[in-house]
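Work through the exercises below with the model open beside you. Try each task before reading its solution.

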Amino acid sequence: MSSSRPEQLVVQHFTHIHPLTKVDGYGEFTCDGCKTYGFGKTYRCTRCDYNLHDHCATCPSTLATFMHPQHELRLVFRGPEHTHQNKRMCDICDESAEGLYYQCEPCGFDVHPLCTQLPQHVRHVPHPAHLLELSQWGASSICMVCRGAIRSWRYKCCPCGLDVHMECISSSASVAATKIQQRCFGSPQPQFYHSEYYYHHAYYNHGYTNQGQVHGYANQGQVQEPGRSKGRKMFSILMDLTVGVVCNIIAGPAVEVLNGCF
Ligand SMILES: [Zn+2]
Ligand SMILES: [Zn+2]
Ligand SMILES: [Zn+2]
Ligand SMILES: [Zn+2]
Ligand SMILES: [Zn+2]
Ligand SMILES: [Zn+2]
């Protein structure tokens with residue numbers, strides 16, 4: 001798991017000529033690697049106003065992932081002239097993949113670095129019996145939370161034939177994390193949630209409401225987000241789900257995983 005790597009304060013990244021320095025608590029930015037929304041932690045060149053997500057700055061050059069188990073993915077950095085002629089979409093979130101992304105070239109599989117951080121299994125409070133699994137194909141095409149249509153990757157419970165949008169999972173993830181945490185540690189530990197998480201979450205929800213969007217419907221093509229906030233939805237989902245991931249590792253979900261379908 002990437003979280004066990006020691007944190008580097010300065011990185012020399014192949015996408016930029018100068019060293020990048022880690023900055024915590026930076027505001028909003030657009031990542032100059034993957035071109036999607038970022039907030040908070042960045043690896044930054046102040047001289048050039050160049051920012052990378054902390055994950056984009058430190059993710060490995062090759063990746064084996066359950067999202068594309070057939071082949072190892074390769075991290076590539078494509079200039080605008082390349083993506084103009086050959087527009088790529090992230091297979092997971094369906095937004096354009098430009099600049100820095102993982103790809104399996106023979107299969108035409110492309111994925112944002114951030115999207116590779118989505119956990120394979122999550123707990124979903126309204127469905128406590130089984131862990132849900134991130135999957136391209138589901139048992140149905142309707143989300144059990146918002147009743148909206150699902151076209152792409154979703155969390156599913158195979159035995160029960162249930163599907164949930166990624167963003168509809170994250171809306172209850174903080175509640176799930178609290179419950180699991182109580183199981184892990186025996187008692188609630190409020191300091192587990194650091195303030196940056198809450199600040200971001202509150203800010204994000206505020207902005208979302210102002211744009212008149214209905215939570216859970218953004219991926220039905222009814223809403224066009226401005227270019228600057230590309231990846232904002234996925235960034236928020238990750239902020240929510242990574243709180244749960246930490247605890248899922250501790251809780252050891254292996255037994256419940258066996259109930260899934262393979
Ligand atoms: Zn990035
Ligand atoms: Zn620079
Ligand atoms: Zn993506
Ligand atoms: Zn492949
Ligand atoms: Zn939904
Ligand atoms: Zn189930």
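**Exercise 1. Identify the protein donors of the zinc ion (ligand 4), then work out the geometry and spacing of the site.**

Solution.

Step 1. Collect the donors, meaning N, O and S atoms within 2.8 Å of the metal (3.2 Å for Na, K and Ca); water is not among the atoms, so sites may look incomplete. His-68 gives NE2, His-71 gives ND1, and Cys-104 and Cys-107 each give SG. They lie 2.0 to 2.3 Å from the zinc ion (ligand 4).

Step 2. Check the angles. Four donors count as tetrahedral if all angles lie between 85 and 135 degrees. Here the four donor atoms make angles of 99 to 114°, and the site is tetrahedral.

Step 3. Read the spacing along the chain: H-x2-H-x32-C-x2-C.

Step 4. Place one pair. His-68 sits in the loop between strand E5 (62–63) and strand E6 (73–78), and Cys-104 sits in strand E9 (residues 99–104), so the pair ties together parts 36 residues apart in sequence. Strands (E, at least two residues) and helices (H or I, at least four) are DSSP runs, numbered from the N terminus.

Step 5. Judge the burial. Buried means under 20% relative accessible area, exposed over 50%, and partly exposed in between (1.4 Å probe, protein chains only). His-68 is buried at 5%. Cys-104 is buried at 4%.

A note on the model: it is predicted, local features need pLDDT of at least 70, side-chain atom pairs count only at pLDDT 80 or more, and totals for chains, interfaces and linings use all residues. Residues are numbered from 1 along each chain as its sequence is written, chains are lettered from A and ligands numbered from 1 in the order in which they are written, and side-chain values use heavy atoms, with hydrogens and water left out.

**Exercise 2. Describe the site of the zinc ion (ligand 6) and place His-130 and Cys-160 in the chain.**

Solution.

Step 1. List the donors: His-127 (NE2), His-130 (ND1), Cys-157 (SG) and Cys-160 (SG), at 2.0 to 2.3 Å.

Step 2. Take the angles. They run from 101 to 121°, and the site is tetrahedral.

Step 3. Write the spacing: H-x2-H-x26-C-x2-C.

Step 4. Locate the pair. His-130 is in the loop between E11 and strand E12 (132–135). Cys-160 is in the loop between strand E13 (154–157) and strand E14 (162–164). The two are 30 residues apart, and the pair links distant parts of the chain.

Step 5. Compare accessibility. His-130 is buried at 18%, whereas Cys-160 is partly exposed at 36%.

**Exercise 3. Do the same for the zinc ion (ligand 2).**

Solution.

Step 1. The donors are His-16 (NE2), His-18 (ND1), Cys-45 (SG) and Cys-48 (SG), at 2.1 to 2.3 Å.

Step 2. Angles of 99 to 113° make the site tetrahedral.

Step 3. The spacing reads H-x1-H-x26-C-x2-C.

Step 4. His-18 lies in the loop between E1 and E2, and Cys-48 in the loop between strand E3 (37–45) and strand E4 (50–53), so the pair ties together parts 30 residues apart in sequence.

Step 5. His-18 is buried at 17%. Cys-48 is partly exposed at 36%.

**Exercise 4. Find where Thr-15 lies and decide whether it is buried or exposed. Then list its partners.**

Solution.

Step 1. Thr-15 is in the loop between strand E1 (10–11) and strand E2 (20–30).

Step 2. Its relative accessibility is 13%, which counts as buried.

Step 3. Count contacts, meaning heavy atoms within 4.5 Å. Beyond its neighbours within four places in sequence, Thr-15 contacts Tyr-50, Leu-52, Phe-77 and Leu-100.

Step 4. Look for polar contacts: pairs of N or O atoms within 3.5 Å, where, within protein, one must be able to donate a hydrogen and the other to accept it, and residues adjacent in sequence count only if both atoms are side-chain atoms. The Thr-15 side chain makes one with the side chain of His-13 at 2.8 Å. Another joins it to the side chain of Tyr-50 at 2.7 Å.

**Exercise 5. Place Thr-116 and name the residues that it touches.**

Solution.

Step 1. Thr-116 lies in the loop between strand E10 (109–111) and strand E11 (121–122).

Step 2. Thr-116 is buried, at 14%.

Step 3. Not counting residues up to four places away in sequence, Thr-116 touches His-55, Leu-63, Met-67, Tyr-102 and Val-111.

Step 4. A polar atom of the Thr-116 side chain lies 2.6 Å from the backbone oxygen of Pro-113.

Key:
Tetrahedral: all angles 85-135°; square planar, octahedral: opposite > 155°, others 65-115°.
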